[in-house]
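Here is a friendly round of questions about how some labels are earned. Have a look at the structure, then read on.

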Amino acid sequence: MIRIEGLAKTFAPPRQRLFGARAAPVQAVRDVSFTAANGRITGLLGPNGAGKTTTLRMLAGLIAPDAGTLEVDGIAVAQRPREALARMGVLSDARGLYPRLTARENIVYFSALQGMPREEALARAEALAQMLECTPLLDRRTEGFSQGERMKVALARALVHDPSHIVLDEPTNGLDVVATRALRETLQWLASPAGGGKCIVFSTHIMQEVERLCDEVVVVAHGRTVAQGTVPELRARCGTRDFEEAFVKLAYGAEMVA
């Protein structure tokens with residue numbers, strides 16, 4: 001289980017290159033709180049600039065929060081980062097593959113960072129490639145891969161140590177319909193008992209993804225959590241059958257709905 005409580009982060013203004021008024025600090029996250037359960041897919045839904053990526057980067061230990069609590073199975077990310085991060089597989093929006101390495105080398109290199117023996121890592125890479133239907137890619141350099149191919153290799157790399165928690169930042173960006181569907185089916189399987197009942201958290205601003213995939217939805221706007229619940233619960237809360245309309249009411253206020 002992932003628990004986030006009272007999370008906040010402010011970034012200092014960039015250095016001014018021209019004369020003029022000093023830019024104000026940017027408060028990217030003001031008060032984000034939610035719980036993501038094991039065996040469920042939790043969607044972090046919000047408009048661009050809502051604080052989704054900053055929240056997930058703090059969860060992954062890449063940025064230190066100014067305030068708040070981040071826990072993975074009760075382990076505080078700030079106090080025990082290695083233990084917490086060992087339980088997570090993180091897929092960032094940038095994918096972060098080494099272009100001169102093959103897909104197999106990318107996966108095995110990351111397994112070494114997790115302390116896995118090489119033979120175990122090689123076997124795991126083969127198994128993940130079969131699961132993600134990307135075995136023909138294993139011995140190709142990742143330079144020049146399509147968005148869908150990059151996503152599959154990055155996901156295999158995130159899963160190589162068989163983490164109980166999977167964190168993905170806008171994973172379908174740039175994917176075509178077929179690749180998006182394959183990713184959705186993979187995540188559903190990973191959250192199921194057959195796939196290990198993993199706790200999956202992913203950020204998005206695409207309503208259709210949330211409706212088709214998420215067991216739980218956290219709506220974030222202006223750096224704050226404004227609602228959490230299932231899609232039917234959020235629709236009922238807003239008195240509408242249309243989830244997009246419910247999202248606009250929650251994220252922007254009822255006056256924005258035409």
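Q: Happy to start inside: which residues line the largest cavity?
A: The largest cavity is lined by Pro171, Thr172, Thr180, Leu183, Arg184, Leu187, Phe202, Glu209 and Leu213. Please keep in mind that this is a predicted model.

Q: What makes this space a cavity, and what is its volume?
A: A cavity is a set of points where a 1.4 Å probe fits but cannot get out. The volume of the largest cavity is about 70 Å³, and the count of cavities of 30 Å³ or more comes to one.

Q: Which elements supply at least two residues each to the lining of the largest cavity?
A: Those are H6 and helix H7 (207-213). H6 gives the most, with four residues.

Q: How do the residues of that lining divide by class?
A: Five are nonpolar, two polar and two charged. Arg and Glu count as charged, and the lining includes Arg184 and Glu209.

Q: Moving to the pockets, what makes a space a pocket rather than a cavity?
A: A pocket is an open set of points, whereas from a cavity the probe cannot get out. The largest pocket has a volume of about 550 Å³, and the second largest holds about 170 Å³.

Q: Which residues lie nearest the centre of the largest pocket?
A: Leu85, Val90, Phe110, Leu113 and Gln114 do, out of 20 lining residues. Two or more residues each come from helix H2 (81-86), strand S6 (88-91), helix H3 (103-113) and helix H5 (147-159). The largest share, four residues, is from H3. By class, the lining has twelve nonpolar, five polar and three charged residues.

Q: And which residues line the second largest pocket?
A: Among them are Met131, Glu133, Lys152, Leu155, Thr186 and Trp189. H5 and helix H6 (177-191) each give two or more residues, and the largest share, five residues, comes from H6. Seven of the lining residues are nonpolar, one is polar and three are charged.

Q: Why is Tyr109 called partly exposed?
A: Partly exposed lies between under 20% (buried) and over 50% (exposed). Tyr109 has 39% relative accessibility, so the label partly exposed applies. Tyr109 lies in helix H3, and with Tyr98 and Leu113 it forms a nonpolar surface patch of about 320 Å² of accessible area together.

Q: How do you know that Glu211 and Arg235 form a salt bridge?
A: The cut-off is a nitrogen within 4 Å of a carboxyl oxygen. The closest N and O atoms of Glu211 and Arg235 are 3.8 Å apart, so the pair qualifies. This pair links distant parts of the chain, with Glu211 in helix H7 and Arg235 in helix H8 (residues 231-238), 24 residues apart.

Q: Are these two partners buried, exposed or partly exposed, and why?
A: Glu211 has a relative accessible area of 40%, so it is partly exposed. Arg235, at 23%, is partly exposed too, because buried means under 20%.

Q: What makes Arg140 and Glu149 a salt bridge?
A: Their N to O distance is 3.9 Å, and the limit is within 4 Å, so the pair counts. Arg140 is partly exposed at 38%, and Glu149 is partly exposed at 22%.

Q: Which residues are linked with Arg3 in a network of salt bridges?
A: Glu5 and Glu71 are linked with Arg3. In the bridge between Glu5 and Arg3, the closest N and O atoms are 3.9 Å apart. The count of salt bridges comes to 15.

Conventions
Residues are numbered from 1 along each chain as its sequence is written. This is a predicted model: local features need pLDDT of at least 70, side-chain atom pairs count only at pLDDT 80 or more; totals for chains, interfaces and linings use all residues. Side-chain values use heavy atoms; hydrogens and water are left out. On a 1 Å grid over the protein atoms alone, a cavity is a set of points where a 1.4 Å probe fits but cannot get out, and a pocket is an open set with protein on both sides within 12 Å along at least five of seven lines; lining residues have an atom within 4 Å of a point. Grid points are joined across faces, edges and corners, and a volume is the space filled by probe spheres set on the points. Patches are made of residues with over 30% relative accessible area and no salt bridge: like charges are joined within 9 Å, nonpolar side chains (Val, Leu, Ile, Met, Phe, Trp, Tyr) within 5 Å. Accessible areas come from the Shrake-Rupley method with a 1.4 Å probe; for residues, only the protein chains shown count as cover. A salt bridge is a side-chain nitrogen of Lys or Arg within 4 Å of a carboxyl oxygen of Asp or Glu. Buried means under 20% relative accessible area, exposed over 50%, partly exposed in between (1.4 Å probe, protein chains only).
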